[in-house]
Amino acid sequence: MKTSIVGLGQTEFSKNSGRSELKLATEAILAALEDAGLEVDDIDGLVRYTWDHTSEATIVNALGIKALKYYGETEFGGVNCCGAVAQASAAIEAGLASCVVFYRALNARSGVRFGRGERVLEEVDGGLVTRQPEPPGDIYSAPFGLLVPGQHHALYAQAYAGHYGLDTEAMTEMLGAIAVTQRGYANGNPRALLHDRTLSMEEYRAGRVISTPLRIYDYCLETDGAMAMVIVSRERARSLGAKAVDVLAAGQHIFPGSVPMYLYAADTHSLAPEAVGRELFGKAGLSASDIDLAMIYDATSMMVPIALEDFGLIGRGEAHGFFTSGGHGPGGTLPVNTHGGLLSEGYFHGLNTIAEGVRQLRGESHNQVSAETALVTLRGASSMVLGRA
């Protein structure tokens, strides 16, 4: 890739934003432009999720963008966040646009609440029937109790435990170490929804089980707000004098069991073939050992150990030892989700995961570590490598 992220913008994270998703989106985009030192007239490309309730046309009209030369959409929610950056970068390198904004706006706590069973099943004449959900394939799994992503993730956790012979206590130790450490990072991050709420291992253990073996603290937060980032060519980033972070490589994938989740594959102790990581790092001119920081899409805590193993940042089956020894925490060998993650900062379909990687490489994180490179991966479905400019 020959592009850079030059601007970040976001609203506050909350349980009730008190404004429309269009208003949230425009606030975040304007903040990202200000951060980049650019103007609305500089925007000639937009990328967004198909699930966003705004549209390219509403953004153009609301901001008064003169002309949109490129617009693209990506499917599958947060797991394809890096894929949106790949699309933006491809458009820039192909000459279709020169300044692309990737944005997401959602009232996912006060408005539409993702991950609830009633989105899949409804009561008709005293009985439960399957809605036509998004994605429609859930029609095959919902009648058997697989209603929401967190239940699928619990099956991943069970598959992982069975494959590596981890008992209930070992899984509790590993997942608890992830949740507690990320909460500690959130306590140092004033943007985090749970900034003022600490979490001890004892409190984690006392949390109710939602779907075995995952407890309430293993799940991400429903969040209102908006985020945006500005992407330009690396050459333009240098001319702007912006605090740029380079996109060294980015991509998106679909393989059996990866997306959507109702395709429950046999070997779900792993979610991405090893070739995905090798290809990604090869494009970036790096290897897994060159990565200083890992930003992992953690819709549940179980996504973190699987991703680190899939991309070769730790060995297969080594996650329990890595997390229980604190390798992912402050002073560890590989800091992970230093903003608190989706578990404790807020669930933002992955944009805040990318943003923290950018802030770390800019030297602007509230939990700053020493890093020149960062891996961002979203359950193997999309991933990218960022580098300090």
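In which sense do β11 and β12 pair, and over how many bridges? They pair in the parallel sense, over 4 bridges. Here a pair of strands means that DSSP finds at least two bridges between them. Strands (E, at least two residues) and helices (H or I, at least four) are DSSP runs, numbered from the N terminus.

Before you click around, know that this is a predicted model, where local features need pLDDT of at least 70, side-chain atom pairs count only at pLDDT 80 or more, and totals for chains, interfaces and linings use all residues. Residues are numbered from 1 along each chain as its sequence is written, and side-chain values use heavy atoms, with hydrogens and water left out.

**Stop 1: the whole protein**

Show everything as a cartoon. You should find 12 helices and 13 strands. Of the 389 residues, 57% count as buried, which means under 20% relative accessible area (exposed is over 50%, partly exposed is in between, with a 1.4 Å probe and protein chains only). Take the contacts (heavy atoms within 4.5 Å) with a separation of 6 or more: residues 24 or more positions apart account for 76% of them.

**Stop 2: the sheet**

Now colour the strands. Nine-strand sheets take some tracing, so here is the order of this open one: β3-β2-β4-β9-β1-β10-β13-β12-β11, with mixed pairing. Strands of a sheet pair through backbone hydrogen bonds, either parallel or antiparallel. At the edges sit β3 (70-74) and β11 (293-296), each pairing on one side only. From one strand to the next, the twist averages 25°; axes are lines fitted to C-alpha atoms (for helices, over the stretch in contact), and angles run from 0 to 180 degrees between N-to-C directions.

Select residues 3-10 and 224-233. These are β1 and β9, which run antiparallel and are joined by 7 bridges. Look for Thr3, which stands opposite Ser233 in β9.

Then go to β11. Leu293 stands opposite Ala374 in β12. Turn on side chains: Leu293 and Met295 point one way, Ala294 and Ile296 the other way, and all are buried.

**Stop 3: helices across the sheet**

Select residues 21-36 for helix α1. Helix α1 lies across β1, β4 (99-107) and β9, at about 130° to β1. Next select residues 81-93, helix α3, which runs at about 110° to β10 (245-252). The strands that α3 lies across include β2 (45-49), β12 (373-378) and β13 (382-388).

**Stop 4: helix α2 and its neighbour**

Select residues 56-63. Which residues of helix α2 are buried? They are Glu56, Ile59, Val60 and Leu63. Look down the axis of α2: these buried residues fall within an arc of 100°, so they line one face of the helix. That arc is taken from the directions from the helix axis to the C-beta atoms. An α-helix has 3.6 residues a turn, so residues three or four places apart point the same way. The buried residues of α2 pack against α1, β2, β3 and β4. Just after α2, click on Gly64, which takes a positive phi of about 75°.

Add α1 back to the view. The axes of α1 and α2 come within 11 Å and cross at roughly 65°. Their crossing is right-handed, meaning that the near helix is turned clockwise from the far one by less than a right angle (anticlockwise would be left-handed). Making the contact are Leu22, Ala25, Thr26, Ile29 and Leu30 of α1, together with Thr58, Ile59, Ala62 and Leu63 of α2.

**Stop 5: aromatic rings**

Rings of Phe, Tyr and Trp (its six-membered ring) pair if their centres lie within 6.5 Å; planes under 30 degrees apart count as stacked, over 60 as edge-to-face and the rest as tilted. By this rule there are 7 aromatic pairs. One of them is Phe281 with Phe311, edge-to-face at 6.5 Å centre to centre and 75° between the planes. This pair links distant parts of the chain, 30 residues apart: Phe281 is in helix α8 (274-284), and Phe311 is in the loop between α9 (303-310) and α10 (319-324). Phe281 is buried at 4% relative accessibility, and Phe311 is buried at 4%.

Now pick Phe322 and Phe323. Their ring centres are 5.0 Å apart and their planes at 80°, so this pair is edge-to-face. Phe322 has a relative accessible area of 11% and Phe323 has 1%.

**Last stop: backbone oddities**

Zoom to Pro213, in the loop between β7 (209-211) and β8 (214-215). The peptide bond from Thr212 to Pro213 is cis, with omega near 5°. Finish at Asn337, in the loop between α10 and α11 (341-344). Its phi is near 50°, a positive value in a residue other than glycine.
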